[in-house]
Amino acid sequence: MEIKTNIKKTRTLKDFTRILIGFVCALFVLSMYQQFSLFHGGVIDRPLNRTLLLLLVNHLGFAAVLSFVLLLVFRFLERSKPGTGFRGSIALFSTFLLFEVLLIENFIRNYSMLHITDFQSGFSLTLSNTIILKFVLVILGIGLLYFLFYKLSAFLNPFIGKMYPFTIILFLLALSTSVTEKSPINQNKTLSFISETADYLLDFNTYEGKEYPLLKEWEKDDLFVEHFTSNAHSPNIVIVVWDGLRPEFLREGKFAGFTPFLDSITQKSLYWNRFLANSTSTTDAVTNILGSLPQGENGFMALENSANRNTLFGLLKQNNYNTGFYFGGNASLNNMDRFLNEEQVDIVLDKSRFSNSYVLQEADRAGVTLGYPDGELYKKWGSSYFASNQPKIEFFLNLSTTKPFSIPDSDYYESWVEKAFDTMKFDGKQKRFVKKNVDLFAAMNYTDDALGKLFKMYALTKDAGNTIFVVTGSGKNYLPIENPLQQYQVPLVIYSTLLKQGMEFNNLASHHDIAPSLLSLLRQQHGFELPQKSAWLGNGLLREDGKVVLSIANNGVKALVYNGHFVKGRKVAGIGDTLELLTPNDSVKGRLKKELKFFKAINSYVTKENKILPRDLAVYESGKKQFTKEEMVWISSVFNGRNYDNAYNSARELAHDGNYDKALLLSAYILDNVPGHIDALILQGRIHAWKKHYNKSIMLLEKAVDLHPFYQDAYGALLDVYYWSGNNSRASRIYEQMKENNIETVELIKKVERCMNRMGKIQNVEKNQITGIQFQE
C-alpha cells in the first residue's frame, strides 16, 4: 500500500540570500528612480554622480544590517515550520521596500525627510490624487522587478554556497555606512526614519515649561564692583585664554615656578583658585566666557542653526566699544569664524592675516603646523595697534601650550626647565612627571614669557592705566588629576591698575560668571545700556547661589555643581576646599540627579529651538542663511561631506562653465558654513564682475582684501574688476596696501600699471623702486 505524504521543503540560507539579492537590486533601481526624478524636476544637474554612488553604498549598508536581523527570524521560523521563514522573509523585505518607495516619493516632492511627528501629513501629501496613479505604478514596477531579480538570482545558486567572504563584505559595509557623511539625498530613507523615530521615542528627558527657561531679571554683582575704583572713561578689557593653565602652576601650586610672570601679578590681582572651566574644550571656553552660554550637544559653535544670544562682544559694541579677536591658529576651525562673524567683531586676526615676516610654529612629525606661536601673535597685535578714543575689548586665544607644544627656541626653554628643576622642591612623583613632560613645562614657560611681553607692550600705550586684564585657563588639562571635578579646575586672574587691592577668593565660580560680573561693573560705574533681562548661565564671580554646568568637549552636558555638591551621572559627592570629593548628604542625592537631568533637557531645548533669548533682547539676530528645500537638495547632490575645498572646486567649475547662478548658490552655502573661506568669497566677486554687477563685485573683493591682506589672488581679482569697471583710480590705494604688505609679484604690478595707463597718469608706477624687476615694454 502506497502512502502519500505532504512534506514541505525546508528552506536554506541559499533561499534567504536570493531574497536579499532581489531586495538589494530593487533598492538600486529605486536609487536610479530618485536621481532621474530629481534631474527631471530640475533639482540636480546630473543623475549619475557621486551622490548616486553614496546612495548605493548606504542602501547596501542598510540591506546588510537588515539581513543580519531577518536571518535570525528566517532560521527561527524555518525550524518551527518549514516554509514559514521563507514566506515571512519575503513579506518583511517587501514591507521595507514599500516603505522606502513611500519615503523616496515624499523626498522627491518635498526635498526633505519624513519625521514621525509629521508622518500623517506627509503620507497624505504623497498619496494625493494627482500622483496616486504614478505611486501605484511605481509600487507595481518595483514589486515586479523584485520578483524578477529573485528569479534571476537562481543562476547564482552554484556560487551562493561559496559566498562566505561576501558576508564579511556585507558586515564591513554595514559598519562603514555608520560613519559616512550623510545628507537626505544620499541616505537610505527607511533607516533614517527608523533612527530618528527611535531617538524621538526613547528620549524621555524632554523639556516642558516656560518658553524661555533661562530668561531672568538682571542681577547685579555688587561685591565684584566694589573692588574697582571708578574712572571717567570706560575701561579697556583684555581677555587671555591659556590652554592647559591650572592652579598648580601658580602661587603654592605643586608645579609653581614655571610661570613666574603670571605668578608675580597674582599678588596684585583678584585671584580665584577654586575656579572651573565649564567645558574641557578650548572652543567652548570662548562662548562660555564671552556669553555664559549653553553648549547644546556638541558645543555652541557646532549648532546647526545658531541661536539668539548676547555676548560681551555684542553688548560692548552696542556701547561704543571696538571689538577684536586674536588667535595664531585657523579661526575657521570648529565654526569659530562663523560665531565671530555673527558677533560682527571689528578685528579678527588669525593665521590667515600674518605676513611672511612672522615665523610659523614648527611643524609636527606629520608636517602640520597649528599656526603662529603666542609671541608672534602678540608681536602682530603690537604692529597693528592703533590709539582710539573708543574703548576696546580684545580677546586672545593662546596656541603655544596646545599639543604638540611646538615653541620657538625650544632648546633654550627646555634647558631652562631642566635647570629650574634642580632648584625646585618636588617629590618623586612630581620629578618623574616633569622629566617625562619637559616639552609641556617649556611651553608653559615660553607662554608666560610671551604674556609678560604683551603686558609690557600694553604699558606703553595710552590705555595702560585704564585696562582690565582677565587671564584664565581654557579647560584643557595636561596634568594628573585625582577626581573628575578637578578636570575642570583652572585659575582666574583679574589684574588692573583700577583695582583697590589684590585679593584671593575661595568661593566656587566658573567661566560662566565672568561676563555677568564685567557687565555689572560697566553698568554701575559707566551707565551702560543693557537689556533688563538676561539668559546667563552664571550669576557673577562673587555670587554663590548658582549652578555650575560642566560639559565634556563635543559631548554635551555631563555634570553639575550645585549647593556644594558635584553630580555626574549616578555619582553624587560633596566638594571640599581643594575640590576633593566627599561623602554626600544622602538627603540631596535624588534632588541633585533630577537637577542634572532637568538642565540637560533645558540645554537641548534652548539650543535646538532657539529659545535662549527672545529676538527683541538680542543685539544681533542669529541664524544662518536660509536655503530653500529645493536648493538644499541640489547642494547636497553636488557636495557630500565637509570638505568645503572640494565644494569650492565644484563651484569654480560651474562658474567656468557659465552656470553662474548655481556657482553663486554653492559658494554662498560654503561661506555660510565657513565664513573665512576666502576663495569662495573671491569667486563670488569674480562671478558678479562677469555678470557686470561691478559694484557688488568690488564690495565683495574689497572685503576679501581687508580680511586677507596677504592673499595675492584677492588683489588680482580686485584689480581686474577696477580695470573692467573703469574704477582705475582706486588701484592706487590698493597699490599702497600691496607695498605695505610686501606683495611683490610681476603679475600684480602689471595690473596696477594697466589701470594707471588707462587713466593716462602712469608714472612708471615706481616699478624699479617697488620690486627691482625690469619689465618688458
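**Helix packing, cavities and local backbone features**

Helices α25 and α26 pack with their axes 10 Å apart, at an angle of about 165 degrees. This and everything that follows refers to a predicted model. Since angles over 145 degrees count as roughly antiparallel, α25 and α26 are therefore roughly antiparallel to each other. Their crossing is left-handed. On the α25 side, the contact is formed by Y715, L718, L719 and Y722, and these meet A731, R733, I734, Q737 and M738 of α26. Sorted by class, the contact of α25 with α26 comprises 7 nonpolar residues, 1 polar residue and 1 charged residue.

The next helix along brings in a second pairing. Helix α26, which spans residues 731-740, packs against α27 at an angle of about 155 degrees, and the two axes lie 10 Å apart. That angle makes α26 roughly antiparallel to α27. Here too the crossing is left-handed. A731, Y735 and M738 are the contributors from α26, while α27 supplies L748, I749, V752 and C755. The contact of α26 with α27 holds 7 nonpolar residues, with no polar and no charged ones. It is worth noting that A731 and M738 of α26 take part in the contact with α25 and also in the contact with α27.

The remaining pair is α25 with α27. The axes of α25 (residues 712-725) and α27 (residues 746-759) come within 10 Å and cross at roughly 20 degrees. With angles under 35 degrees counted as roughly parallel, α25 and α27 are therefore roughly parallel to each other. The crossing of this pair is left-handed. From α25, the residues Q712, Y715, G716, L719, D720, Y722 and Y723 meet L748, K751, V752, R754, C755 and R758 of α27. By class, this contact of α25 with α27 is made up of 7 nonpolar, 2 polar and 4 charged residues. Some residues recur here as well: Y715, L719 and Y722 of α25 touch α27 and are also part of the contact with α26. On α27, L748, V752 and C755 meet α25 and likewise meet α26.

Attention now turns to internal space. The model contains 6 cavities of 30 Å³ or more. The largest cavity has a volume of about 80 Å³. It is lined by 13 residues, of which N310, S534, A535, W536 and L613 are the closest to its centre. The lining of this largest cavity divides into 8 nonpolar, 3 polar and 2 charged residues.

The second largest cavity encloses about 60 Å³. Its lining consists of A307, N308, R309, N310, T311, G314, E342, E343, V619, Y620, E621 and S622. By class, that lining has 3 nonpolar, 5 polar and 4 charged residues. N310 appears both among the residues closest to the centre of the largest cavity and in the lining of the second largest one.

Finally, two backbone details may be of interest to anyone preparing the model for calculation. Most residues other than glycine have a negative phi, and most peptide bonds are trans. Against that background, the bond joining K403 and P404 is a cis peptide bond, with omega at about 20 degrees. P404 sits in the loop between β6 (392-397) and α15 (410-423). The other detail concerns N320, a residue other than glycine with a positive phi near 75 degrees. N320 is located in the loop between α12 (312-318) and β4 (322-327).

Note on methods: Residues numbered from 1 in each chain as written. Predicted model: local features only at pLDDT ≥ 70, side-chain atom pairs only at ≥ 80, totals over all residues. Heavy atoms only, no water. Axes fitted to C-alpha atoms, helices over the stretch in contact; angles between N-to-C directions. Helix = DSSP H or I, 4+ residues; strand = E, 2+ residues; numbered from the N terminus. Parallel < 35°, antiparallel > 145°, perpendicular 65-115°, else oblique. Left-handed = near helix turned anticlockwise from the far one by under 90°. Contact = heavy atoms within 4.5 Å. Nonpolar A, V, L, I, M, F, W, Y, C, P; charged D, E, K, R; others polar. 1 Å grid on protein atoms, 1.4 Å probe; cavity = no way out; pocket = protein on both sides within 12 Å on 5 of 7 lines; lining within 4 Å. Points joined across faces, edges and corners; volume = space filled by probe spheres on them.
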